[in-house]
Amino acid sequence: PRDLRQLAQQHGIKIGSAVDIAALRAEADYHKTLNREFSHVTAENAMKWESVEPERGVFTWADADALVDSARRNRQQVRGHTLVWHNQLPAWLTAGVADGSIDAGELRSILRDHITTQVRRYKGKIRAWDVVNEVVQDDGTMRPSIWLTHLGPGYIADAFRWAHRADPRAKLYINDYNLEWNAPKIETTLALVKGLQAQGVPIHGAGFQGHLGIQYDYPGDWANVMRRFADLGLEVAVTELDVRMELPVTAEKLAEQAGYYSRALTDCLSVRACRELTVWGFTDRHSWVPGWFPGQGSACLFDENLAPKPAYQALLAVRSPR
Ligand code: G3I
């Protein structure tokens, strides 16, 4: 294959990237590489609640619209990220809940309206939505977000039902990190999915974020975990893959990183239900990693100058295990 688009096509999956909309607008080389390589896109931040409704009732869709339009022009499918999360909520919402000016009943209708408005706006244009993101903690308990605390556990079923009503053809996902390997999180999430299915809730997919680092062992059981979700009738996807390292970069570390990327693709390809592998940014020029993990970086497939790294070549070399 000549590039990731061809590779994805050969394997019958989509290979995507998270997109920084400011970079997409301002940097011609970023724009060009994104559209040459990727057949799927996710907004890194532009579809999050704080981005689309920074003031109550004031909607700012320009960036999200720009991504959806760019995707259509460049024959890319879109993952919507994300409808219900505990982070990047608008200040008016968190403050209103904290000071009691928004009570539980109002909070529930605010959430319903948010989901309905956003999903309807992009109806038919989003292949898959991350409906709920990171709702289970690493210890296997449900995350005590404002949603769980004020609405009770039923908010998850409600969110899927509201999203489905707004766009019946979109694939609706539960998405999480450490779901590649963390046993308590895996078991709770599987039980949660089964419970939702037993109530007839429209849930169609499980997303594995895949934020990896070469200083940790590769999650060797990942394909089996994917299969356990697939056995429930779900599709699965790798939604936010990146592989960070302690700086400075060395040739040895880049080679190790390449192995992690190719194993992740191989794991996805070995599970028939795995439809998409998306990286959380494709260039080290725009990556969340250095800002969140001081001293770490170089997590992406392309360097700051958009030169492909060994990990990119390693992906192109992956042969189908199916
Ligand atoms: O909006 C402000 C902007 O006004 C200001 O100029 C700028 C200066 O730093 O900050 C901007 O906000 C930043 C925002 O990204 C938009 O760029 C925040 O500080 C920054 O914390 C925020 O980080 C994002 C992070 O989610 C926040 O939760 C990352 O870019 C984004 O990559 C990351 O993505 C998450 C996924 O959504 C869910 N899974 C984990 C993943 C990595 O954390």
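A residue is buried if 20 or more other C-beta atoms lie within 10 Å of its own, exposed if 12 or fewer, and partly exposed in between, with C-beta atoms placed from the backbone. Helices (H or I, at least four residues) and strands (E, at least two) are DSSP runs, numbered from the N terminus.

This model is predicted: local features need pLDDT of at least 70, side-chain atom pairs count only at pLDDT 80 or more, and totals for chains, interfaces and linings use all residues. Residue numbers start from 1 along each chain as its sequence is written.

**Exercise 1. Strand S9**

Task: Find how many residues of strand S9 are buried, then find the partners of S9.

Solution.
- Step 1. Strand S9 covers residues 274–279. 6 of the 6 residues are buried, so S9 is largely enclosed by the rest of the structure.
- Step 2. Two strands pair if DSSP finds at least two bridges between them. Strand S1 (residues 14–19) runs parallel to S9, joined by 4 bridges. Here serine 17 stands opposite valine 279.
- Step 3. S8 also pairs with S9 in the parallel sense, over 4 bridges. Valine 238 has leucine 277 in S9 as its bridge partner.
- Step 4. Now follow the chain. S8, helix H12 (residues 251–269) and S9 form a right-handed β-α-β unit. Right-handed means that, with the strands pointing away from the viewer, the path from the first strand over the helix to the second runs clockwise.

**Exercise 2. Strand S6**

Task: Decide which residues cover each face of strand S6, and name the strands that pair with S6.

Solution.
- Step 1. In a regular strand the side chains alternate between the two faces of the sheet.
- Step 2. Apply this to S6, residues 205–208. Gly205 and Gly207 lie on one side, Ala206 and Phe208 on the other, and all are buried.
- Step 3. Strand S5 (residues 171–176) pairs with S6 in the parallel sense over 4 bridges. Tyrosine 173 has glycine 205 as its bridge partner in S6. Between S5 and S6 the chain passes through helix H10 (residues 183–198), and this β-α-β crossover is right-handed.
- Step 4. S6 also pairs with strand S8 (residues 235–246), again parallel, over 4 bridges. Alanine 206 stands opposite valine 236 in S8.

**Exercise 3. Strand S3 and a cis bond**

Task: Describe the setting of strand S3 and find the unusual peptide bond at threonine 82.

Solution.
- Step 1. Strand S3 covers residues 77–84. 7 of its 8 residues are buried, so S3 is largely enclosed by the rest of the structure.
- Step 2. Strand S2 (residues 40–43) pairs with S3 in the parallel sense over 3 bridges. Histidine 40 is matched with glutamine 77 in S3.
- Step 3. S3 and strand S4 (residues 128–133) run parallel, joined by 4 bridges. Histidine 81 stands opposite aspartate 130 in S4.
- Step 4. Most residues other than glycine have a negative phi, and most peptide bonds are trans. The bond from histidine 81 to threonine 82 is cis, with omega near 0 degrees. Threonine 82 lies in S3.
- Step 5. Leucine 247 and proline 248 are also joined by a cis peptide bond, with omega about 5 degrees. Proline 248 sits in the loop between S8 and H12.

**Exercise 4. Two residues compared**

Task: Classify proline 153 and valine 225 as buried or exposed, and list their contacts.

Solution.
- Step 1. Proline 153 is in the loop between helix H8 (146–151) and helix H9 (155–166). It counts as exposed because it has 12 C-beta neighbours inside 10 Å.
- Step 2. Valine 225 lies in helix H11 (residues 222–230). Valine 225 is buried, because 23 other C-beta atoms lie within 10 Å.
- Step 3. Two residues are in contact if their C-beta atoms, placed from the backbone, lie within 7 Å. Leaving aside neighbours within four places in sequence, proline 153 is in contact with Met142 and Leu148. Not counting residues up to four places away, valine 225 touches Glu180 and Ile186.

**Exercise 5. The ligand shell**

Task: Sort the residues around the ligand by type.

Solution.
- Step 1. A residue is near a molecule or strand if its C-beta atom, placed from the backbone, lies within 6 Å of it. The residues around the ligand are Glu44, Asn45, Asn87, Gln88, Asn133, Tyr177, Gln209, Glu240 and Trp288.
- Step 2. Ala, Val, Leu, Ile, Met, Phe, Trp, Tyr, Cys and Pro count as nonpolar, Asp, Glu, Lys and Arg as charged, and the others, Gly among them, as polar.
- Step 3. The shell divides into 2 nonpolar, 5 polar and 2 charged residues.
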